[in-house]
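Open the model in your viewer and keep the sequence panel visible. The stops below say what to select and what to look for.

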Amino acid sequence: MSDSLERLYRAVIAARTLDPAASRTAKLFQRGPEKMAKKLAEEAIEVVIDAVGGRQDAVIRESADLLYNLTVLWAQAGISPQDIWDEMDRREQAQGIAEKLPKSKAAGGRGPVPVAPRHKAIVAPVLPRRVGG
Ligand SMILES: N=c1c2ncn([C@@H]3O[C@H](COP(=O)(O)OP(=O)(O)OP(=O)(O)O)[C@@H](O)[C@H]3O)c2ncn1[C@@H]1O[C@H](COP(=O)(O)O)[C@@H](O)[C@H]1O
């Protein structure tokens with residue numbers, strides 16, 4: 001997946017300087033970060049609506065649109081896919097899974113606090129369904 005995203009990111013960067021009349025990406029760059037953010041939010045909502053509606057094919061299509069608009073926003077912000085992979089690796093090292101670290105109060109909520117590695121999740125046994133309440 002990261003290869004696909006990195007290829008898409010490179011294509012987005014290359015399209016940035018194309019004619020906005022011929023390139024949707026160039027048009028998005030011309031219209032600026034607010035439009036990019038609006039499109040990203042729209043795609044996220046479309047993924048949610050289709051997921052809630054159980055429309056798997058639509059979720060796949062809208063997720064591709066979401067990732068496209070996300071790479072456009074990354075490019076606009078000067079962020080590369082590698083920056084994201086590095087952050088996910090950092091979280092995995094700290095937490096064992098790619099999870100958001102709790103924010104530190106001391107650092108004004110900016111930096112993560114060192115946390116003890118997660119204990120192995122305890123999975124409750126599946127109890128037989130009670131019949132009759
Ligand atoms: N991967 C994508 C990609 N995914 C989605 N989209 C666009 O994003 C839109 C998302 O669907 P929407 O219906 O929400 O958007 P829309 O209604 O068509 O547009 P609006 O009227 O809402 O502005 C699609 O219609 C596509 O035009 C993409 N446009 C371009 N790319 C790639 O970006 C690179 C640059 O392409 P150009 O932008 O065409 O130069 C190429 O590698 C392309 O394959």
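Select Lys39 to begin: this residue is buried, with a relative accessible area of 14%, where buried means under 20%, exposed over 50% and partly exposed in between, with a 1.4 Å probe and protein chains only. The model is predicted, so local features need pLDDT of at least 70 and side-chain atom pairs count only at pLDDT 80 or more, while totals for chains, interfaces and linings use all residues. Residues are numbered from 1 along each chain as its sequence is written, and side-chain values use heavy atoms, with hydrogens and water left out.

Keep Lys39 and add Glu42. Their side chains meet in a salt bridge at 2.9 Å, N to O; the term means a side-chain nitrogen of Lys or Arg within 4 Å of a carboxyl oxygen of Asp or Glu. Glu42 and Lys39 are three residues apart in helix α3, about one helical turn. Helices (H or I, at least four residues) and strands (E, at least two) are DSSP runs, numbered from the N terminus.

Now add Lys38. Its side chain forms a salt bridge with that of Glu42 at 2.7 Å, N to O, and the two residues lie four apart in helix α3, again about one turn. Glu42 is partly exposed at 25% relative accessible area, and Lys38 is partly exposed at 45%.

Next, select Arg55 and Asp50, whose side chains meet in a salt bridge at 2.9 Å, N to O. Which of the two is buried? Asp50 is buried, at 12% relative accessible area, whereas Arg55 is partly exposed, at 40%. Salt bridges with shared partners join Lys38, Lys39 and Glu42 into one network. The whole structure has five salt bridges.

Move on to the ligand and show the residues near it (a heavy atom within 4 Å). Among them are Leu8, Ala11, Arg24, Lys39, Glu46 and Tyr68. The shell divides into four nonpolar, two polar and five charged residues; here Ala, Val, Leu, Ile, Met, Phe, Trp, Tyr, Cys and Pro count as nonpolar, Asp, Glu, Lys and Arg as charged, and the others, Gly among them, as polar.

Finally, pick out three side chains around the ligand. A polar side-chain atom of Thr25 lies 2.5 Å from a ligand oxygen, and one of Glu43 lies 2.6 Å from a ligand oxygen. For Asp65, a side-chain N or O atom is 3.4 Å from an oxygen atom of the ligand. Helices α1 (2-15), α2 (24-31), α3 (33-52) and α4 (56-77) each give two or more residues to the shell.

Terms used: Polar contact = N/O pair within 3.5 Å; in protein donor to acceptor, adjacent residues only side chain to side chain.
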